[in-house]
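Here is a short tour for someone opening this entry for the first time. Please keep the viewer at hand as you read.

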Amino acid sequence: MQVDTDADVLRLREGLRDLVALSAIPAVWIGSAPPAVAAGLADALVGLLRLDFAFVRLSDPGGDGAVEVTRGSAWTSFPEWLAGRLATSAPFPCKELVPDIGDDSQRLRGLAVPVGVNGEGGVVAAASERTDFPTQMDEVLISLAANHATTAFQSARLIHERTSAEEDLRHARDQLEVKVGERTAELRRSEAYLAEAQRLTHTGSFAIDVSTRQVTHSSDEHSRLYGFDSAHETPSLREFVQRIHPEDRAMCAAALETGIREATNIDVEYRVAVPRRPLRHHRAIAHPVVDASGEVAEVVGTIVDVTDRRRAETELARLAGEQAALRRVATLVAREASQAEIFAAIADGIGQLFGAEDVGMLRYEGDRSQVVLASSGRFQDIFPTGSRQPLGGEDAASRVFGTGRPARIDDYGTASGPIGESVGSTGIRSVVATPIVVEGRLWGAMIAGTTQDAPLPPETESRLGQFTELMATAVANTESHATADRLAEEQAALRRVATLVAKEAAPADVFMKVAEEVANAIGDVDCALCRVDADGTIMTLAAWGTGMLATIRAGERFPVDGDSVAACVLREGRPCRIEDYSAATGRTAERGRGHGIRSAAGCPIVVGGRIWGVVAVANYDDKPLSPEIETRVSQFTDLVATAIANAQARAEVERLADEQAALRRVATLVAEGVPPTAVLDAVAAEMEWLLEADGVTLSRYEPGDEVTVVAHRGSDALRLPPGTRPRREDESVSAIVRRTKRAARMDDYERTHGASAELVRSSGVRAAVGAPIVVDGGLWGAVVATWSGKEPPPADTEQRMARFAQLLDTAIANADSRDQLTASRTRLMTAGDEARRRVVRDLHDGAQQRLVHTIVTLKLAQRALQRNEREAESLVGEALEHALQGNEELRELAHGILPAVLARGLRAAVDAVVMRLDLPVRVDVPPERFPAEIEASAYFVVAEALTNVVKHAQAGRAEVTASAQNGMLHVAVQDDGIGGADPNGHGLVGMADRVTALGGRLKIESPAGSGTLVAATLPLSGG
């Protein structure tokens, strides 16, 4: 096991190196366009993490400007999968593991990770053929890369927007200067146009008289940028200066004086504070106007609102600082630094980035409390490291515990509960908490708070979440080292028990070994293994430990009552635990409490789908049981179940052998073609013997509620001879099978009502089990077995009866097939005889008569030629005419038997039929050739079906399709008519006979009002 542990450590270190590498990637993305950031993330996931599929969707928090990139095609059904998730919850709510992506091509496991809070920044998905994917490190790496990418993406968007804004500004300024230079007079006559242009570009123009230091011109937009009403008189220069931020006034005055004194251009940025409005940033660009004497007489210029650009620059700087802080923390995690050192780095980063001076990290306990692991600021005063507080009330930590999602409280004056009141008393006003999730479970939370009046920024949850994910990695590393030895010991114990099971040791030896190994592997607990008996008690089979359970003797029985752990397991059918035995009720719980049991846990032993027994462990001190104790115990119960199942399997061998022999006897009768009545009677006899039933009845369902008895075995055989047609009611097993089309049972007929129930009870029957008989996919009847004893039939009775019912399906289907084959052959022979008679009649009445006339006329012509009579030539012409007409009639007769156009293939023949119809028909038939008999049969199916459409369907259009796939020719004719075609009609029966004779199959679907589909499948290999 030491080798496995070392390998895990190597993989962990490799993952941490990947983590550091991913942390450095955002530097490569600086200056990239938003699509390049998404593509870079996808390439990094596939290349660096060696994944088979990656999908990246990045967007602004509002959902605008989304960019999607896909690498790899392993997860072909991903678009449908993602659409299904977003249809039920959008944006993508939380991280989701897909154990099997569902594609047929290969077995892959997938992972989808939301970006930002609740996926507002997009989603990242990945898939891999690795059986252990995603490991914990995979999840951390993917989440970290996703958050890096969304940060870089937002930065790229901000830079792009800033660049666009500056380009628009330069363009507007250039245009404005050109207009001013070229058309000054005209623009002064059209001040409204100039004002609109300035309003659209957020640019204002101004002019200052140097001698008087007065504002001689202020455009409407210039006045509005300073918060003045343009409809009033132009404010003075002093009034404009009063709106400039006090810290920037001296700088602006110095720039103006320098520009006037040196006759140089002025370019200065400053802040403007308009009452009741947010602080804005302006940029002023002005140049001096020199008069004829060379003195500066006037300063003219423009003012541009650059607030958005400055915000973008500030955000970019913030993101760079955040990435640097994340890299510092990731480096500590990779070095396996202590949790205290990592927390100190996180607290420092949070304080610098968010202005949160109070930071804490806590772990949730099973008793609904929190344990403080680290804290700073005011949190350190009220929640010192190592302290424990009960959860409850309205506070951020309790919200995270209850929902598993980030939580925020912007006004802690409204908080309640012990934690909320303590935090509120320190003056902390705003708190944000994010969950620390370790290996898929809620482990604890990271909390940031501030005493400032303004709440923490809206994006604090998502940004704080990046730090908590790194802390979760550190916690998982620590826990993995602590559990390595325990897992090794536990696996060794499981191997020892498995060896006993494999050697088919006596169950008693396996039970004692399991009790010993469970007690030793878990430590500080007693263990007992018990069996559940039919009388409602449990019997101890083995026990191990130093406390009460060790004193229990094998074979000792206990009642299953009250709230004991065994009673809880049997009642709920799943692992259970009792953390505090002082409140448990019942005699068994009382006895355990008297011997000092403080807590206990139990797992069911499930054999054959039912609870066979219980493995229980008990603890005698105040230390709570470990959260995963049920999982650890259940591994041993699986081995116990295997040992029990092996013992039961050996006992079942003889019964199964008898059942297989009976099935073979019945199957032999079916294969030999024995009449169905004999097969049905044999099945009833075999089932009565094998099931140890008091009677077995095979019935066929008739219209209405009636059934016909086709075979019966049992003590009351004279009451239900074959041919009897009793009426079944809703409460009989036969009626339930008919209604549900599934196996059914009734273990107690005493509570049923109706004539059928009275008949069953009068014969002494107490229980019955029925199974459906399905023939050609349709419900044909049912087989019902009855018992008179007190014990109900075994749980697997339905399955055993179903195996015989399947043989009945084959026997009945064979009999029906023989009857249908005989009828089909008779119809084909009759149709053939009729066709021959029609050909003889047509030959006699048509071509034969023409030939007789031709012969007589030729003889007359011969006689005329011998006598040199002039009418010889006309007689020869008359004979030729009779011969030509006879030949034409023979050609038409031949066409009626098999159209000549079939010589050019099925497509040509179908086109010829369609051309003669007064109905729009779409034809999709391939031009390739098929065997002659297949083409002929397909042609007649199409011709007959289209004829029926024209005569009976009242259709507006029809469609003929054909395709060859997997050695079969599929031909279909569909119309949009009234439907309701009769499958037993002469034409459709003839089609079915022709198709069946070639080994094919004909399907007819004709619901009323929905058109008709006639589809034939013909084997191409049959010739």
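The numbered points below cover charges, cores, one helix and the aromatic rings.

1. A word on the basis. This is a predicted model, in which local features need pLDDT of at least 70, side-chain atom pairs count only at pLDDT 80 or more, and totals for chains, interfaces and linings use all residues. Residues are numbered from 1 along each chain as its sequence is written, and side-chain values use heavy atoms, with hydrogens and water left out.

2. Let's start with charge. A search of the whole structure gives 28 salt bridges, each being a side-chain nitrogen of Lys or Arg within 4 Å of a carboxyl oxygen of Asp or Glu. One of them joins glutamate 221 to arginine 224 at 3.0 Å, N to O. Both residues belong to helix H8 (residues 220–225), where they are 3 residues apart, about one turn of the helix. Helices here are DSSP runs (H or I, at least four residues) and strands likewise (E, at least two), numbered from the N terminus.

3. How open are these partners? Buried means under 20% relative accessible area, exposed over 50%, and partly exposed in between (1.4 Å probe, protein chains only). Glutamate 221 is buried at 5%, while arginine 224 is partly exposed at 33%. A similar look at glutamate 935 and arginine 929, whose salt bridge spans 2.9 Å, N to O, finds the glutamate 935 side buried at 2% and arginine 929 partly exposed at 45%.

4. Lysine 1003 and glutamate 1005 also meet in a salt bridge, at 3.6 Å, N to O. Here lysine 1003 is partly exposed at 37%, and glutamate 1005 is partly exposed at 39%. Elsewhere, Glu247, Asp248 and Arg271 are joined into one network by salt bridges that share partners.

5. Now for the interior. The largest nonpolar core (a set of buried Ala, Val, Leu, Ile, Met, Phe, Trp, Tyr and Cys residues joined through side-chain atoms within 4.5 Å) has 36 residues, and Val921, Leu946, Val960 and Leu969 have the most contacts inside it. Among the elements that give two or more residues to this core are helix H27 (906–915), strand S29 (958–965) and strand S30 (968–975). The largest share, 11 residues, comes from H28.

6. Valine 960 is worth clicking on. Leaving aside residues up to four places away in sequence, valine 960 touches residues including Val910, Val921, Leu946 and Val973; contact means heavy atoms within 4.5 Å. There is also a second, separate core of 33 residues, which includes Cys527, Ala542, Val617 and Leu639.

7. Which strands does H18 pack against? The buried residues of H18 pack against S18 (537–544), S20 (576–578), S21 (599–607) and S22 (610–619). Those buried residues are Val565, Ala566, Ala567, Cys568 and Val569. After H18 comes glycine 573, with a positive phi near 70°.

8. Finally, the rings. The structure holds 12 aromatic pairs; rings of Phe, Tyr and Trp (its six-membered ring) pair if their centres lie within 6.5 Å, with planes under 30 degrees apart counted as stacked, over 60 as edge-to-face and the rest as tilted. Tryptophan 75 and tryptophan 81 make a tilted pair, with centres 5.5 Å apart and planes at 50°, and both are buried. Tyrosine 226 and phenylalanine 240 are edge-to-face, at 5.0 Å centre to centre and 80° between the planes.
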